[in-house]
Amino acid sequence: MSLFSTPFDPATDTALVTGAGNGIGRAIAQALIGEGVRTVFADVSAERVSAAIAASSRPELAVPWVGDLARLEACDELLAAAQAALGEVSHFVHSASPPRREADHALAVDRKIWQEMHAVNLDAGFHLARAIAKRLIAAKRPGSFLFLTSLHTGTPRNLPHYSTAKAAMAMLVKELAKTFGRHDIRVNALVPGAIAAGGFVADASLAMHIPLGRLGEAEDLAPMALAVLSNKLSGYVTGAAFVVDGGLSLTNWFEPPMLEE
Ligand SMILES: NC(=O)c1ccc[n+]([C@@H]2O[C@H](COP(=O)([O-])OP(=O)(O)OC[C@H]3O[C@@H](n4cnc5c(N)ncnc54)[C@H](O)[C@@H]3O)[C@@H](O)[C@H]2O)c1
């Protein structure tokens, strides 16, 4: 039997991807659709959700949802919509994140931007994952969750709201993996390098610091995301972090931020 021909079971597997309107989340949601998995495309931008679904290989398998995941009530609305459309969600991907702006360094970032970064990345991720897990546990069904973290869970990025949110997410992955493991729910992290998607304004000159010689594309992340999400391909993997960065972390450096005197 071929391992790779059927990584998912379209009859039982269902997915919810946040941040599915753009970049990495979009590429993962579209790849899940390509495997025949019914998938909720969740994002704050209606325009992006429509475009992402229209560009997917089988739009009829996609469920659009639009809302602001910085609001906890919106997370509940998303869960209700996903359950109404799909029943249980077995595969959860948390990719939504507000954009990173170099101007938001430690001396400048305001409270609203700080809170929104934590609310979307960490609070929404925890709230959604726990609610989905509780339902899977009650139904005695397996699950697989994937959180998009960052190389800057461990090294500063000059964006303290971002690096602290991602560092907390990295620990959340381990906490949830440890607690949910007995219930056959796996939780892992995908760690992108410099990906020219949307949330990161990539400076092309960064390529010279990347051993594989180029910035990444959102589509470079999707195959690894699917491999880690698939219970067939990585059924004994949980609490792990998979770096997909072309080798950037071997040389990763950022100068201190340029501050006005
Ligand atoms: N691009 C990179 O180089 C890179 C590097 C490391 C980590 N990451 C992480 O990967 C994930 C995806 O990154 P990307 O570059 O593809 O981002 P992106 O900005 O292209 O996409 C993020 C999506 O999240 C949505 N979003 C933002 N705020 C939201 C909210 N309040 N509610 C619902 N949706 C919201 C946006 O509309 C957007 O479509 C993020 O978590 C990011 O931190 C990206």
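Read along the sequence, this predicted model follows the pattern β-α-β-α-β-α-β-α-β-α-β-α-β. The secondary structure of the protein comes to 6 helices and 7 strands. The radius of gyration is 18 Å, close to the 18 Å that the globule rule gives for 261 residues, so the protein is as compact as a globular protein of that length.

**Overall dimensions and surface**

Along its principal axes, the C-alpha trace spans about 60 × 40 × 40 Å. Further values for the whole protein are collected below.

| Property | Value |
|---|---|
| Buried residues | 48% of the 261 residues |
| Contacts between residues 24 or more positions apart | 71% of the contacts with a separation of 6 or more |
| Exposed area | about 12,400 Å² |
| Share of the exposed area from carbon and sulfur atoms | 58% |
| Distance between the mean positions of the positive and negative charges | 8 Å |

The charges entering the last entry number 22 positive and 26 negative.

**Nonpolar cores**

In soluble globular proteins, nonpolar side chains tend to be buried together. The largest nonpolar core of this protein has 33 residues, and Phe-145 and Phe-147 have the most contacts inside it. Two or more residues of this core are given by each of strand S2 (38-43), helix H3 (72-86), helix H4 (111-139), strand S5 (143-148), helix H5 (160-180) and strand S6 (185-192). Helix H4 supplies the largest share, with 8 residues. Another core, of 30 residues, lies apart from this one; among its members are Phe-8, Ala-218, Ala-225 and Val-228.

The surroundings of Phe-147 can be described in detail. Leaving aside neighbours within four places in sequence, Phe-147 is in contact with Phe-92, His-94, Gly-125 and Ala-129, and also with Met-169, Leu-172, Val-173 and Leu-176. Its remaining contacts under that condition are Val-187, Asn-188, Ala-189 and Leu-190.

**The loop residue Pro-142**

Pro-142 is located in the loop between H4 and S5. Its relative accessibility is 35%; because partly exposed covers the range between under 20% for buried and over 50% for exposed, Pro-142 counts as partly exposed. When residues up to four places away in sequence are not counted, Pro-142 touches Ser-90, Leu-136, Asp-184 and Asn-231. The C-alpha atom of Pro-142 is separated by 7.0 Å from that of His-183, although the two residues are 41 residues apart along the chain.

Methods: Residues numbered from 1 in each chain as written. Predicted model: local features only at pLDDT ≥ 70, side-chain atom pairs only at ≥ 80, totals over all residues. Heavy atoms only, no water. Helix = DSSP H or I, 4+ residues; strand = E, 2+ residues; numbered from the N terminus. Rg over C-alpha atoms; globule rule 2.2 N^0.38 Å. Buried < 20%, exposed > 50% of the residue type's maximum accessible area, 1.4 Å probe, protein only. Contact = heavy atoms within 4.5 Å. Areas by Shrake-Rupley, 256 points an atom, 1.4 Å probe, with all protein chains shown as cover. Lys, Arg positive; Asp, Glu negative; His and termini not counted. Charge placed at Lys NZ, Arg CZ, Asp CG, Glu CD. Core = buried A, V, L, I, M, F, W, Y, C linked by side-chain atoms within 4.5 Å.
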